[in-house]
Amino acid sequence: MKILFNTHLQSSIVLFFLISVNQNVLAQDSTLGKWMVNARFNYGFLIAHRPTVVHLQNDHIKGIEVELLKTTDGTNDWEQAYNRPLTGFGLQYWYLGNNEELGKSITVFPQILFPINHNPHLRLSGRLSCGIGYIEKTFDRLENYKNVAVSSHFNCVISFGLYARAFVHSQTQIVSGIEFTHMSNGSFKVPNLGLNIPTINLGVSHFFGQKTPLFTERKVEEKPSTSINLLVAGGIKEITPPGGKKYGVFSTTGTLSRSISYKSSVGAGLDLFYDPSIEARLIGDSVSVPNFTYSIRSGIHLSYELKVQKLSLLFENGFYFYTHLPNEGNIYTRLCVRYHVSEKYFVLLNLKSHFGKADYFEYGIGMHLKPKSFGS
């Protein structure tokens, strides 16, 4: 199976998911139970987002998932805005389609399930999860040198999914859906091309526990407003050859953002990156590096933000207008998670990548400002 993948489709999957959970739904009288348990079988394949990953596609990926989620009744505004989502944890066990070079994986993840409708016969929902996964077999320069995708046993795992649920009982559903999963260590250790895995799945869900009356459905509105987000972040990355030096990387970002609903906003901004590994790579390619500015990259980005209570999920797509490393291309993306510790301040985790290949994870702090001069 030789499957190459257009990385722009990955961006489309993320945007489609974010927009899907932004829909209104039909009303119901009570929750179906306090808890929901899921069990699913997954079947998919490894995407060859680089030609050097094609040889890892020996077989289809197969696995099982079990999840426990808690229902919400619409007490809080964010629950109303997101159609009374379910939150909980899951456990995933997969055979990665190549027992010799990849082996098995086990993932533990918190997640949130967003209902798209509340049809009494067929329900649609979107899922977002982000957790930690253990991959059995990793790169070894002597014994597993063909595995250029994974070099560390523990990796960050991000997954997006869309599901359809058909009732076979008042509290039991047959579930079928599609997922896209990314596993990577963010280039903390190389090689780290990462694993990109689309799957289809089939399973069963069952609600149990006391049913809770729903709070009166109300429309949550927020007047459009403009704000500025300022942040600083840093991370650690390693470049080839494996086992080499690790470099500290730093960035600062400013984004002008405009809310378009209670749940979401769009924005545009500027990024400044300082990455000393660029200098090392240029010197390794016999390129003269006269000063530190060769380690600097600047770019502009567009962003879409989805706000879930104190948590924000962002997708940013950027373009370098200043770089001395053109062989990576001028396009970069960020998948971002922010947690607002107060109305003004937040902490963040970003995964920065180039065309499906993780560059590094960023950890940082930021400030959310609403200047009075902007008005509403």
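The paragraphs below lead through the strands, cores and charged pairs of this predicted model.

Residues are numbered from 1 along each chain as its sequence is written, and side-chain values rest on heavy atoms, with hydrogens and water left out. Because the model is predicted, local features need pLDDT of at least 70 and side-chain atom pairs count only at pLDDT 80 or more, whereas totals for chains, interfaces and linings use all residues.

The description begins with the strands. Helices (H or I, at least four residues) and strands (E, at least two) are DSSP runs, numbered from the N terminus, and two strands are said to pair if DSSP finds at least two bridges between them. With antiparallel pairing, 8 strands close into a barrel in the order E1-E2-E3-E4-E5-E6-E7-E8. From one strand to the next the twist averages 25°, where axes are lines fitted to C-alpha atoms, for helices over the stretch in contact, and angles run from 0 to 180 degrees between N-to-C directions. A closed barrel of 8 strands also runs E9-E10-E11-E12-E13-E14-E15-E16, with antiparallel pairing; neighbouring strands of this sheet are turned against each other by 25° on average, direction ignored.

Within the barrel that runs from E1 to E8, a useful path leads from E5 to E8. Strand E5 (residues 122-135) pairs with strand E6 (residues 154-169) in the antiparallel sense over 13 bridges, and Gly126 has Leu162 as its bridge partner in E6. E6 in turn pairs with E7 in the antiparallel sense over 13 bridges, with Phe167 matched to Gln173 in E7, and E6 and E7 form a hairpin with 2 residues between them. Strand E7 (residues 172-184) is mostly covered, since 10 of its 13 residues are buried, where buried means under 20% relative accessible area, exposed means over 50%, and partly exposed lies in between (1.4 Å probe, protein chains only). The path continues from E7 to E8, which pair in the antiparallel sense over 12 bridges, and there Ile178 has Ile200 as its bridge partner in E8.

Thr199 has its place in strand E8 (residues 195-208) and counts as buried because its relative accessible area is 4%. The side chain of Thr199 makes a polar contact with the side chain of Asn42 at 3.4 Å; such a contact is a pair of N or O atoms within 3.5 Å, and within protein one must be able to donate a hydrogen and the other to accept it, while residues adjacent in sequence count only if both atoms are side-chain atoms. Leaving aside neighbours within four places in sequence, Thr199 is in contact (heavy atoms within 4.5 Å) with Asn42, Tyr43, Gly44, Trp94, Gly177, Ile178 and Glu179.

The nonpolar interior comes next. A nonpolar core is a set of buried Ala, Val, Leu, Ile, Met, Phe, Trp, Tyr and Cys residues joined through side-chain atoms within 4.5 Å. The largest such core has 16 residues, of which Tyr82, Ile112, Phe114, Leu128 and Val308 touch the most other members. Two or more residues of this core come from each of helix H2 (77-81), strand E4 (104-115), E6, E12 and strand E16 (357-369). A second, separate core of 15 residues includes Leu46, Ile135, Ala149 and Met183.

Charged pairs complete the picture. With a salt bridge taken as a side-chain nitrogen of Lys or Arg within 4 Å of a carboxyl oxygen of Asp or Glu, the count comes to 18 salt bridges. The side chains of Glu316 and Arg338 meet in one of them, at 3.8 Å from N to O. Glu316 lies in strand E13 and Arg338 in strand E14, so this pair ties together parts that are 22 residues apart in sequence. Glu316 counts as buried because its relative accessibility is 3%, and Arg338 is likewise buried, with a relative accessible area of 3%.

Another salt bridge joins Glu328 and Arg297 at 3.0 Å, N to O. This pair links distant parts of the chain, with Glu328 in the loop between strand E13 (311-322) and strand E14 (331-340) and Arg297 in strand E12 (residues 296-308), 31 residues apart. Both Glu328 and Arg297 are buried, and both belong to a network of salt bridges that also links Lys237, Asp275, Arg281, Lys352 and Asp359. In the salt bridge between Lys62 and Asp59, the closest N and O atoms are 3.3 Å apart; here Lys62 counts as partly exposed at 29% relative accessibility, as does Asp59 at 33%.
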